[in-house]
Amino acid sequence: MAHLLGSQFCLDSLHNDVMDVQAAVMEVFSRVGPVRYPSWKFPDKISCDINIDELLERFQYSEDQEDNQVAHIMLFELVIDRLMLLMQSCSRFADVMLNAGQSRPQTALGMGSSLSLGLVIKKYWNKMVQLFTMVQQLQSENKTKDRKIAKYEAALSKQQRQNAVKDLSASTVFSTSELSLTDLSLHEASVTSKGGLSSTGSPPLDFARDVGTKACQTLETAFVPCEACYRVQQNLVEVGNNVINVCQTQGLPSSLKTYKGQQHLDTEMTAADVSRWTAEQNKDMQRINKHLENLMSQINPLKEELAASGREKAKLQKRIDGFDGELRREQEVQRAELREKEEKMKKVEEATAESLARMENINKELREKEEKMKKVEEATAESLARMENINKELREKEEKMKKVEEATAESLARME
């Protein structure tokens, strides 16, 4: 690994690592503020006050191998320093999250003490364990709240159904009493028509059509329980049994149940029994209403929390939809760019093919011209050879002429 010390690739990689870790540190600072601890690399300085850009500009790749090795070591130690600051700031963020539920706000902290890297890692791990424990507790509490909400909603729906049954029973009581009174009136009218008009020979239908009838209490029926009272008491007992069942299912004490156990109501109830039954039933109803109010006071905050969670979920879903839209638009842009690049590549390939064809034609023409030049050179060489021969012959003739002139001159000289 010694041959990699001071290499440009390693220096560039360390530069990127320092910038990435510093960006993460600034992200944490934006949430918890600057974390003031002594620097691991520069113990006499505060880690958050160190100018990282200046150090990165200072320790860069250069032509000097020794400077590159020093820069390699400095950047490596600077990565360790930034990672240590990141763990310290994350520990502070975990403290903020753990103290978020306190009633009193956390006071501003001064400069922390100098710690070794191992202790910082151990402290960071302990904070993460505490934060994970708190998250587990919150999750279990949320699950418990969800179960309570489901239980309360089931109890509320059951109570609503029972109230609906009670209202239906009450309406049935009044309708039954009206029907009983109507039947009694019709019965007395038929008796009167049979006993009073049979001697006169008038038809019953004319009497029923011409004379109105009205039910009344007589001496014979004064102490006999009527059917309407029996129906009312029967429905009252059914409603009371439903009230007792509601109290038992909700774990509430029932006054009506105690009264019913003390009294043996096998026959029709007297007016005093009905009044007492109604009073005990009203007590149970008030107790049930209070219980429902308590349930609603617990359910309403949970519903508000559930609605807030739903709104938060809607916001997150909206953001997700926005991200999906941006992703689709980005994919469409990339596809368009890819198509443009493919078209450009096709055009470049076509232009390259045309250029190659032109180059082949040019090479062919050059070869032809080269052959012609070779022929011209050969002809020129032959011409030069002939010219040299002619020049040689001319020189030889010239020498002969000089010799002839010299001989002539000598002859003339002798003749003189």
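## Salt bridges and nonpolar cores

A search of the whole structure finds 8 salt bridges, each a side-chain nitrogen of Lys or Arg within 4 Å of a carboxyl oxygen of Asp or Glu. The model is predicted: local features need pLDDT of at least 70, side-chain atom pairs count only at pLDDT 80 or more, and totals for chains, interfaces and linings use all residues. Residues are numbered from 1 along each chain as its sequence is written, and side-chain values use heavy atoms, without hydrogens and water.

Three of the bridges are listed here.

| Acid | Base | N to O distance |
|---|---|---|
| Asp-49 | Arg-36 | 3.8 Å |
| Asp-95 | Lys-127 | 2.6 Å |
| Asp-284 | Arg-287 | 2.8 Å |

Asp-95 sits in helix H3 and Lys-127 in helix H4 (residues 117–196), 32 residues apart. Helices are DSSP runs of H or I, at least four residues, numbered from the N terminus. Asp-95 is buried at 14% relative accessibility. Lys-127 is buried at 16%. Buried means under 20% relative accessible area, exposed over 50%, partly exposed in between (1.4 Å probe, protein chains only).

Asp-284 and Arg-287 both lie in helix H8 (residues 271–415), about one turn apart. Asp-284 is buried at 0%; Arg-287 is partly exposed at 26%.

Now the cores. The largest nonpolar core has 14 residues, with Val-18, Ile-52, Leu-55, Phe-59 and Leu-75 among its members. Such a core joins buried Ala, Val, Leu, Ile, Met, Phe, Trp, Tyr and Cys residues through side-chain atoms within 4.5 Å. Helix H3 gives the most, 5 residues.

Technical notes. Helix = DSSP H or I, 4+ residues; strand = E, 2+ residues; numbered from the N terminus.
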